[in-house]
Amino acid sequence: MLELRETSLAILANTDVQSKVGQLANLFDEYQAGHIAVNPAANPDSQNHCLPGRPAKPDLVAPKFVPKRKMDTVEGRAILWHSLAHIEFNAMNLALDAIWRFPNMPKAYYEDWLRVAKEESYHFSLINAHLQSFGFCYGDFPAHNSLWEMVERTTDSVIARMALVPRTMEARGLDAVPEIRDRFKQIQDNRAVEILEIILRDEIGHVLVGNRWFNFLCANDNLSPITTYRDLAEKYRAPTLRGPFNFDAREQAGFSSEELELLELLSDKRTQAA
């Protein structure tokens, strides 16, 4: 019988995007059917893999060199969709990485991240199909790699990974997606709006997974989530949180009332500075 964490590592190393998406869907279905086991104590060997597996394109550049996302041209809108496709590609990879890399977590941890990986691959497929309606496909424009860079910084610590990838990097999507969705409402791109609403709904659940396991790990070691997050953000050089924040979505995603109050203070300070 195949093992979930070893198989996730193999899929993570796959460089073919469409093949990876198909493998992920099959992995989820086979696990649900009881054909794949999970061994939390397994120690998958990554030495022969180049991680993450990615296609030759897109070229990876610094964020300032990514083309401008202008809504008033077809190419500008395509660049925006391309950036979203790249985020979702990295997101499916980071979910696979969370499965194979960190041993001795509860079985539910691995099942949560398997579901996240499947949903991220679905998001990628939706976005790439819409991108193709503009006459482009994934890989046609340069992209930056900030999300995966934080994944790489946190390879040594599951609590840092939970704190700084889903709860920080991915949570920024909860704030950004509604604004992007509303811009497509204005130009009456109804399919774009549908896709972005699916993504926002699911991403709330993905950030909730990060919160669930971050808080689980804090409770296990009798740590303060607020203090621990602050310390980890400094140690691993997490980006500074900046508003505006989607407080409703963040509350649904499991942020505590104390965390939301701290974000409100950040928003107030930014408003006063402006």
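Helices (H or I, at least four residues) and strands (E, at least two) are runs assigned by DSSP and numbered from the N terminus. With that in hand, here are some views to explore.

**View 1. The whole chain, with ten helices and two strands.**
This is a predicted model, in which local features need pLDDT of at least 70, side-chain atom pairs count only at pLDDT 80 or more, and totals for chains, interfaces and linings use all residues. Residues are numbered from 1 along each chain as its sequence is written, and side-chain values use heavy atoms, leaving out hydrogens and water. Follow the sequence and you meet the pattern β-α-α-β-α-α-α-α-α-α-α-α. The chain is as compact as a globular protein of 274 residues, because its radius of gyration is 19 Å, close to the 19 Å from the globule rule. That radius is taken over C-alpha atoms, and the rule is 2.2 Å times the number of residues to the power 0.38. Along the principal axes, the C-alpha atoms fill a box of roughly 50 × 45 × 30 Å.

**View 2. Inside and outside of the chain, where 51% of the 274 residues are buried.**
Buried means under 20% relative accessible area, exposed means over 50%, and partly exposed lies in between (1.4 Å probe, protein chains only). The accessible surface of the chain is about 13300 Å², and 49% of that surface belongs to carbon and sulfur atoms. Such areas come from the Shrake-Rupley method with a 1.4 Å probe; for residues, only the protein chains shown count as cover. Look for charges too: the chain has 30 positive and 38 negative side chains, and the centres of the two sets lie 5 Å apart. Here Lys and Arg count as positive and Asp and Glu as negative, while His and the chain ends are not counted. Each charge is placed at NZ of Lys, CZ of Arg, CG of Asp or CD of Glu.

**View 3. Helix 8 (residues 225-235) and its buried side.**
Find I226, T228, Y229, L232 and A233, which are buried in helix 8. They are on the same side of helix 8, because they cover an arc of only 165° around the axis. The arc is that of the directions from the helix axis to the C-beta atoms. On the face turned away from this buried side, helix 8 carries the exposed residues E234 and K235. After helix 8 comes R237, with a positive phi near 55°.

**View 4. V209 in helix 7 (residues 190-220) and its contacts.**
V209 counts as buried, with 0% relative accessibility. Which residues does V209 touch, not counting residues up to four places away in sequence? They are D112, W113, R115 and V116, where contact means heavy atoms within 4.5 Å. V209 and D112 are 97 residues apart in sequence, yet their C-alpha atoms are 6.8 Å apart in space. For the chain, among contacts between residues at least 6 apart in sequence, 79% join residues at least 24 apart.

**View 5. N128 in helix 4 (residues 107-132).**
Is N128 buried or exposed? At 6% relative accessibility, N128 counts as buried. Leaving aside neighbours within four places in sequence, N128 is in contact with Q18, C137 and Y138.

**View 6. E6 in helix 1 (residues 4-13).**
E6 counts as partly exposed, at 46% relative accessibility. E6 and A129 are 123 residues apart in sequence, and 30 Å separates them in space, C-alpha to C-alpha.

**View 7. Cis peptide bonds in the loop between strand 2 (36-37) and helix 3 (74-101), where P52 is found.**
L51 and P52 are joined by a cis peptide bond, with omega about -10°. P58 is also found in the loop between strand 2 and helix 3. The peptide bond from K57 to P58 is cis, and omega is near 15°.

**View 8. Q188 and N222, two residues in loops beside helix 7.**
Q188 is in the loop between helix 6 (158-186) and helix 7. Although Q188 is not a glycine, its phi is positive, about 60°. With a relative accessible area of 65%, Q188 is exposed. N222 is in the loop between helix 7 and helix 8. N222 is a residue other than glycine with a positive phi, near 55°. The relative accessible area of N222 is 74%, and N222 is exposed.
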